[in-house]
Amino acid sequence: MGPVPQSGVRIQNRMIGEAVRDARQLFGFNGDQLAEMVGWSASKVSRLEAGVRGCTTEDLSHYLGMSGASPAVFRRVMDVHRQVGSDLLVHRHAPAAPDQVWTLVRCEAAASLVVAYEPTLLPALVQNENYAHFVLASSGVEDAGEVRALVDGRIKRQRVLYGPGAPMFEFLVPDAVLRTMVGDHGTMEDQFMHLVLLSQRDNVSIRVIPAGVRGAAWLRGQFTLMEHEAYPAVVHLELDTTSALVDTPDAVKVYRDRLRRLRAAALDVQGSRELLLGLAHEYGAYGTDSGGDSGSV
């Protein structure tokens, strides 16, 4: 049985609840056992884990300590707890690497529908390994080992696209993004072939927004809208080194309106797939050059 719908649960309390539940389960305790250990009622434990009950710093520390949570789990849960009551849940991360944000990864995996719009580069979830490497290597991270780790983290995050019970995904990509050279022609050819193959999946829709669309405000700015059956919708907003998750109704409404306009402007799935295939052949016709174009990422 899935979670009982909790329409009023804020993102901060929901993430705290899921993290403490995972900590408890990792050490093999059930809710009644943990409740007895910390001296709480079973109902209090259940409500905390469901995100419908807040708690003090002292209570949360006690719970995590008794459940055997690691220092890393303690730090990240407390980071979220400090933001309870805020309209935004904010995380810092490496440049261009929101894949490290555990709350984002959780929200994606639990969603029924994920819709991503990126005005400058392909969305992270559809980048193949080479494309992702060029993006992350040009983001200001200089250590090759760290770049490799960030690429691995991105590929790991993409597992959410596959497997039974995977959410539905919709990616809206401006035509200009498809013309932005990332790496060399070979990288671009492989990337577009990857998109064509990915778009064959029943749970993945990739739609191109043609050049020349007049949009002004609703064409600017990245966002990902995640719809959930059991909780309020969440929007992810990304800056270079910071990500924010927002679930306030007024904010979500703004992005749903933008999404409506973007969908109305985009090509259908088949037309987009034909365009992507044509571009793959176009990049392939140039052959794989050694250094990329002067304007490449």
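**Exercise 1. Identify the secondary-structure elements that line the largest pocket, and describe the lining.**

*Step 1.* Helix α8 (144–157) and strand β6 (234–238) each supply at least two residues of the lining of the largest pocket. The model examined here is a predicted one.

*Step 2.* The volume of this pocket is about 490 Å³. Its lining comprises 27 residues, and those closest to the centre are Ala96, Glu118, Thr120, Leu121 and Glu238.

*Step 3.* Sorted by class, the lining holds 14 nonpolar, 7 polar and 6 charged residues.

**Exercise 2. Determine whether Gln12 is buried or exposed, and describe its surroundings.**

*Step 1.* Locate the residue: Gln12 belongs to helix α1 (residues 11–26).

*Step 2.* Apply the cut-off: a residue is buried when its relative accessible area is under 20%. Gln12 has a relative accessibility of 1%, and therefore counts as buried.

*Step 3.* List the neighbours. Leaving aside residues up to four places away in sequence, Gln12 touches Val80, Gln83, Val84, Ser86, Leu88 and Leu89.

*Step 4.* Examine Gln83 more closely: its backbone oxygen lies 3.1 Å from a polar atom of the Gln12 side chain.

**Exercise 3. Examine the salt bridge between Glu170 and Arg263, and explain which parts of the chain this pair ties together.**

*Step 1.* The two side chains, of Glu170 and Arg263, meet at 2.7 Å, N to O. A salt bridge requires a distance within 4 Å.

*Step 2.* Glu170 lies in strand β3 (residues 168–174) and Arg263 in helix α11 (residues 249–265), so the bridge ties together parts that are 93 residues apart in sequence.

*Step 3.* Consider accessibility. Glu170, at 9%, counts as buried, whereas Arg263, at 30%, is partly exposed.

**Exercise 4. Describe the salt bridge between Arg261 and Asp257, and state how far apart these residues are in helix α11.**

*Step 1.* The side chains of Arg261 and Asp257 form a salt bridge at 3.3 Å, N to O.

*Step 2.* The residues are 4 apart in helix α11, so about one helical turn separates them.

*Step 3.* Both partners are partly exposed: Arg261 has a relative accessibility of 36% and Asp257 one of 30%.

**Exercise 5. Count the salt bridges, and follow the one between Arg106 and Asp22.**

*Step 1.* The count comes to 18 salt bridges.

*Step 2.* In one of these, the side chains of Arg106 and Asp22 meet at 1.9 Å, N to O. This pair links distant parts of the chain, 84 residues apart: Arg106 is in helix α6 (residues 102–110) and Asp22 in helix α1.

*Step 3.* Asp22 is partly exposed, with a relative accessible area of 29%.

Key: Residues are numbered from 1 along each chain as its sequence is written. This is a predicted model: local features need pLDDT of at least 70, side-chain atom pairs count only at pLDDT 80 or more; totals for chains, interfaces and linings use all residues. Side-chain values use heavy atoms; hydrogens and water are left out. Buried means under 20% relative accessible area, exposed over 50%, partly exposed in between (1.4 Å probe, protein chains only). A polar contact is a pair of N or O atoms within 3.5 Å; within protein, one must be able to donate a hydrogen and the other to accept it, and residues adjacent in sequence count only if both atoms are side-chain atoms. Contact means heavy atoms within 4.5 Å. On a 1 Å grid over the protein atoms alone, a cavity is a set of points where a 1.4 Å probe fits but cannot get out, and a pocket is an open set with protein on both sides within 12 Å along at least five of seven lines; lining residues have an atom within 4 Å of a point. Grid points are joined across faces, edges and corners, and a volume is the space filled by probe spheres set on the points. Ala, Val, Leu, Ile, Met, Phe, Trp, Tyr, Cys and Pro count as nonpolar, Asp, Glu, Lys and Arg as charged, and the others, Gly among them, as polar.
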